[in-house]
Amino acid sequence: MEYLLTTNRLTKQYGRHKAVNAVNIHIRQGDIYGLIGRNGAGKTTILKMISGLAAPTEGDFSLFGKTGKEAYEYMSRIGTLIESPGVYPNMSAAENLKLKCLAMGVRKKDTIKELLKTVGLENVGKKKVKNFSLGMKQRLGIALALVADPDLVVLDEPINGLDPQGIAEVRETLQKLNKEKNITFIISSHILEELSKMATNYGIIHDGVLLQEMTREELLAKCSERIELKTDDTRKACTVLEGMGINQYKVVDASTIQIFERLNDGGDITMALAENGVKTMGITVKNEALEDYYLNLTGGAENV
Amino acid sequence: MFNLIKMDTHRLVHSTSTWITLLFTVVLAVFSVVMTNVYIQMAKEDPSSLAVEPTEEIQLGIYVDANPEWVTGNIEIGDIISTEMKSGVLAIIVVVFAAIFSNAEQKNGYIKNIAGQFPRRGNLIISKFAAIAIQIFWMMIVFSLITVITGFALWGSRFYLGSFMPILKFLGTQYLLHLGFAALIMFFSIFTRSTAFSMTAGILICTGFAIPIYSIINKLIADIKPSWDFNVGNYMLDRNITQISLAVTSDIMVRGVVVGIVFSVISVLFAMLIIKKRDIR
């Protein structure tokens with residue numbers, strides 16, 4: 001089994017509107033998969049279909065290598081937190097967890113205590129959930145998703161409403177669970193910088209379409225610092241660069257080359273190009289943030 | 001499935017609505033018996049107030065009958081329980097509880113935590129129905145016990161048990177009818193996702209607001225087939241709850257049992273179908 005979860009042209013249509021359009025996601029065991037997209041991009045709908053809360057209009061998904069009805073037999077291995085946490089407001093955190101433990105057949109002693117500790121709610125006692133802050137409810141939602149030791153946890157905007165310290169704590173918790181228990185996470189968020197701190201893989205979704213899937217390394221490479229060189233002859237320029245011992249470069253288009261090493265040697269590069277008769281139209285050091293990358297990919301700031 | 005029933009039973013015990021409706025069951029049982037006693041006292045002072053003109057009209061609202069013999073003679077426990085229960089007060093509390101309990105999970109979103117993990121999502125309905133059945137059982141026990149205790153407090157030795165089997169048969173039939181009503185309200189809640197709608201609809205049915213609709217249906221049927229003496233009300237939960245007493249024939253009692261079971265099964269099946277086919281919000 002190469003992938004823990006793959007979707008095959010997963011589509012959800014409401015009337016004439018395709019909220020999710022032929023999405024193919026690939027998630028390996030142990031990944032922290034960040035699903036990036038603006039509000040209304042289709043993130044929640046994808047997660048709902050993966051979690052079994054919504055039926056796809058077209059397409060299907062494979063879970064643990066199984067598809068169709070067989071895949072649905074493995075749904076109990078998925079923990080979910082979709083949109084706002086669903087909790088009984090007149091019950092305590094422990095009682096809410098107890099209900100899910102009963103439903104899932106979890107009989108192990110101290111499970112509830114451990115889960116509350118995992119999400120940092122061990123000191124809430126019998127306080128009713130209706131008196132919780134948004135962040136506390138969010139943590140309880142995560143704890144509910146972790147009941148019965150799922151292999152895959154689907155978290156939709158899990159850091160919404162959390163303060164910076166809470167965000168850091170949740171991040172640490174998820175990374176710890178990923179590392180220690182090998183739990184695979186799918187996390188949707190529009191807070192890109194935060195997602196970039198924990199995700200190992202990314203899927204960028206826009207208007208229901210999955211634009212790109214990439215690993216953390218690929219994304220970092222795309223967003224890393226580089227020299228952007230514009231010349232009138234890229235072929236000759238490449239020969240000059242290689243002559244200088246520069247091998248980490250990429251020809252982007254007919255006039256642009258991105259260079260990823262010797263970022264402080266802009267002057268030497270220009271000189272070498274000039275000596276070889278290559279005209280430098282422009283040379284700048286660029287550092288694209290994840291957000292800029294996302295905006296460029298999805299069509300700019302007007303879409304956000 | 002068994003785990004889900006355990007979950008819903010646990011929720012039942014830990015829900016505020018469970019205890020509030022049980023409290024109201026106590027209050028309404030006391031209130032009903034006290035009102036019957038007031039009625040008896042009034043009849044003592046003015047015997048003509050118990051003289052009932054035979055009428056074919058069906059009363060709307062909640063009301064209790066009183067037996068003229070109760071003014072001077074003994075009062076049988078079964079008669080009082082039957083009178084109070086068929087007035088529909090207990091049915092109203094059942095409606096309120098069923099609407100709140102069955103819709104809670106959808107309303108607060110807790111269903112999102114569990115629905116996806118159960119490929120046989122229809123089981124969520126069966127477990128809810130099982131918990132509701134337990135609560136209605138206790139509501140009937142509490143209502144009957146409080147009625148008996150209040151009756152003893154008011155009438156002392158005049159209040160006697162009589163034969164026990166007819167009471168059991170009556171309670172069994174009424175239990176199934178109330179259960180059928182709760183299942184119908186659960187179906188309304190699941191279908192509309194609205195506690196307010198299902199509760200209002202249930203209370204209106206309890207207070208007889210469906211009777212004009214039954215009359216229209218009866219009239220239509222009579223127009224189509226004049227020879228057929230058909231009354232749709234005989235096959236409805238609300239009319240059976242108000243018609244079935246200790247004194248009815250076994251045919252009517254059996255009809256009540258069948259109506260209760262049929263409404264329970266159909267409502268549960270439809271609710272299961274909806275929760276299976278519809279996306280969870």
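**Reading domains, interfaces and salt bridges in a predicted two-chain model**

Modeller: Asp223(B) counts as exposed, at 54% relative accessibility. Please keep in mind throughout that this is a predicted model.

Colleague: With which residue does Asp223(B) form a salt bridge?

Modeller: The general idea comes first. Side chains of opposite charge can pair when their charged atoms come close. In this case, the partner of Asp223(B) is Lys219(B), with 3.9 Å between the closest N and O atoms. Both residues belong to helix α9 (residues 211-224) of chain B, where they are four residues apart, about one turn of the helix. Lys219(B) counts as exposed because its relative accessibility is 56%, and the cut-off for that class is over 50%.

Colleague: Where do Arg38(A) and Asp207(A) lie?

Modeller: These two residues form a salt bridge, their closest N and O atoms being 2.9 Å apart. Arg38(A) sits in the loop between β4 (32-36) and α1 (43-50) of chain A, and Asp207(A) in the loop between β10 and β11 of chain A, so the pair ties together parts that are 169 residues apart in sequence. Arg38(A) is partly exposed, with 24% relative accessibility. Asp207(A) is also partly exposed, with a relative accessible area of 46%. The backbone of Asp207(A) deserves attention as well: phi is near 50°, a positive value in a residue other than glycine.

Colleague: Which other residue that is not a glycine has a positive phi?

Modeller: Ala148(A) has a positive phi, of about 75°. Ala148(A) is found in the loop between α5 (134-145) and β8 (152-156) of chain A.

Colleague: How many salt bridges does a search of the whole structure find?

Modeller: The search finds 14 over all chains. One of the pairs joins Glu114(A) and Lys108(A), at 3.8 Å from N to O. Glu114(A) counts as partly exposed at 41% relative accessibility, whereas Lys108(A) counts as exposed at 55%.

Colleague: I should now like to turn to the interface. What is the area buried between chain A and chain B?

Modeller: The size of an interface is often given as the accessible area lost when the parts come together. For chain A and chain B that area is about 2500 Å², with carbon and sulfur atoms giving 51%. The contact takes 36 residues from chain A and 27 residues from chain B. Two salt bridges are found across this interface. Arg120(B) and Glu73(A) form a salt bridge in which the closest N and O atoms are 3.5 Å apart. There are also 16 residue pairs in polar contact between the chains, both residues being at pLDDT 80 or more.

Colleague: Which elements of chain A each supply at least two residues of the side that touches chain B?

Modeller: They are β1 (5-14), β7 (78-81) and α3 (93-104) of chain A. The largest share, eight residues, comes from α3(A). By class, this side of chain A has 18 nonpolar, 10 polar and eight charged residues.

Colleague: How should chain A itself be divided, and which domains does the domain assignment give?

Modeller: The assignment gives domain 1 (5-214) and domain 2 (224-297) of chain A. Their C-alpha centres lie 41 Å apart. The contact takes 11 residues from domain 1 of chain A and six residues from domain 2 of chain A. Together the two domains bury about 730 Å², of which carbon and sulfur atoms give 72%. On the side of domain 1 of chain A, Leu192(A), Glu193(A) and Ile204(A) lose the most area to domain 2, together 51% of what that side buries.

Colleague: What is the count of salt bridges between domain 1 and domain 2 of chain A?

Modeller: The count is zero, and the count of residue pairs in polar contact, both at pLDDT 80 or more, is also zero. The elements giving two or more residues to the touching side of domain 1 of chain A are α7 (192-196), β10 (201-206) and β11 (209-215). The residues of that side divide into six nonpolar, three polar and two charged.

Colleague: One last case: is Ser87(B) buried or exposed?

Modeller: Ser87(B) counts as buried because its relative accessibility is 4%, and the cut-off for that class is under 20%. Its place is in the loop between α3 (77-86) and α4 (89-108) of chain B. The side chain of Ser87(B) reaches the backbone oxygen of Glu84(B) at 2.5 Å.

How values were computed
Residues are numbered from 1 along each chain as its sequence is written. Chains are lettered from A and ligands numbered from 1 in the order in which they are written. This is a predicted model: local features need pLDDT of at least 70, side-chain atom pairs count only at pLDDT 80 or more; totals for chains, interfaces and linings use all residues. Side-chain values use heavy atoms; hydrogens and water are left out. Domain bounds come from an automatic or database domain assignment. Contact means heavy atoms within 4.5 Å. Buried area is the accessible area (1.4 Å probe) that two parts lose on being put together, summed over both. A salt bridge is a side-chain nitrogen of Lys or Arg within 4 Å of a carboxyl oxygen of Asp or Glu. A polar contact is a pair of N or O atoms within 3.5 Å; within protein, one must be able to donate a hydrogen and the other to accept it, and residues adjacent in sequence count only if both atoms are side-chain atoms. Ala, Val, Leu, Ile, Met, Phe, Trp, Tyr, Cys and Pro count as nonpolar, Asp, Glu, Lys and Arg as charged, and the others, Gly among them, as polar. Buried means under 20% relative accessible area, exposed over 50%, partly exposed in between (1.4 Å probe, protein chains only).
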